[in-house]
Amino acid sequence: PEVATVDTNGVVTAIAEGTATIAASIADVEPALCEVTVAKIPSSFPRKHLIEHFTGDQCGYCPGGMFSITEYVQRQNTPCIWVSHHYGYNNDEYTISESKKIGAACGVNGAPNMAFNRTKIMGTTIAFHPGYLSEMGIDETIASKCENEAEASVKINHTYDATTQKLNVTVSGFVGNKETSEYLLSVLVKENGLIGKQSDYNGYSWKSAGFKEFLHPCVARDLISTNPLGDTINVEKQRYSKSFTYTLPAHFIPENCCVVAYITPLSKKPIINAEE
């Protein structure tokens with residue numbers, strides 16, 4: 001009990017660093033035992049950055065935007081997580097209502113666009129054209145902001161039952177700020193390799209010319225969390241944990257899917273860390 005306590009609903013609360021054993025019993029059944037380790041809160045957290053990309057079918061510029069982001073990610077010393085929202089050009093079969101709300105919050109008014117941790121870059125709006133990454137020096141500007149340490153950690157544990165297609169996800173972590181007790185947590189499913197029709201656009205210097213079918217990467221397929229801009233989570237003693245249950249739709253290809261989670265302050269920006 002000096003390390004962890006458990007209430008009548010089975011909720012375990014960390015008290016101090018160490019290891020505790022929790023037993024559950026009923027009637028004449030042999031007790032079930034669970035060992036719980038309360039870890040020391042780290043002094044720093046590894047950083048991952050979130051790129052939110054806004055695109056759509058039939059967009060002639062969008063394949064070029066995807067190449068620009070791909071090349072940018074490959075140049076980075078710190079990991080970047082890429083999520084594509086089919087919003088900003090026209091609605092297509094991969095557009096979801098949550099992407100529309102995220103795009104509107106980022107000030108998206110066309111495609112391709114992208115947002116980096118939902119922060120402004122070089123005085124632009126939150127969202128900006130991915131072509132500017134190299135053309136206007138935004139690459140270097142972002143690189144100067146790419147800290148290797150984050151304000152919070154994000155860890156994803158999940159199980160998936162292929163028979164029922166049920167996904168159980170628990171996102172947990174620590175926060176460095178001892179004074180803040182609430183944050184926003186977003187959890188979504190993205191899928192790779194979705195085919196979209198693109199215009200055969202020949203008038204631009206990027207690599208988009210000639211595409212008729214294009215494999216869209218990292219497409220946001222559905223939000224597991226309730227609120228498009230994040231569910232409120234409570235932090236106790238610098239720790240948080242939230243569990244979700246989600247059934248993967250039959251038309252999703254599980255081996256192409258990935259769970260993404262990211263955390264923000266209640267102000268909804270910037271994104272302070274992410275994991276996939």
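1. In this predicted model, a convenient place to begin is the end of helix 2, where the residue that follows the helix is G107, with a positive phi near 75°.

2. Looking back along helix 2, which spans residues 97-106, one finds that E98, S99, I102, G103 and C106 are buried. These residues lie on the same side of helix 2, because the arc they cover around the axis is only 135°. As a general point, an α-helix has 3.6 residues a turn, so residues three or four places apart point the same way.

3. The other side of helix 2 gives the contrasting picture, since K101 and A104 are exposed there. As for the buried residues, what covers them includes strand 6 (49-55), strand 7 (80-86) and strand 8 (113-116), together with strand 9 (127-128), strand 16 (219-223) and strand 19 (257-264).

4. A separate feature for the reader to locate is the largest pocket, whose volume is about 780 Å³. Its lining is made up of 22 residues, and those closest to the centre of the pocket are A14, S172, R239, Y240 and S241.

5. Which elements give two or more residues to the lining of the largest pocket? They are strand 2 (12-14), strand 4 (32-38), strand 11 (155-161), strand 12 (166-174) and strand 18 (239-247), and it is strand 12 that gives the most, with four residues.

6. In chemical character the lining of the largest pocket is mixed, with nine nonpolar residues, nine polar residues and four charged residues.

Key:
Residues numbered from 1 in each chain as written. Predicted model: local features only at pLDDT ≥ 70, side-chain atom pairs only at ≥ 80, totals over all residues. Heavy atoms only, no water. 1 Å grid on protein atoms, 1.4 Å probe; cavity = no way out; pocket = protein on both sides within 12 Å on 5 of 7 lines; lining within 4 Å. Points joined across faces, edges and corners; volume = space filled by probe spheres on them. Nonpolar A, V, L, I, M, F, W, Y, C, P; charged D, E, K, R; others polar. Buried < 20%, exposed > 50% of the residue type's maximum accessible area, 1.4 Å probe, protein only. Arc of directions from axis to C-beta. Contact = heavy atoms within 4.5 Å.
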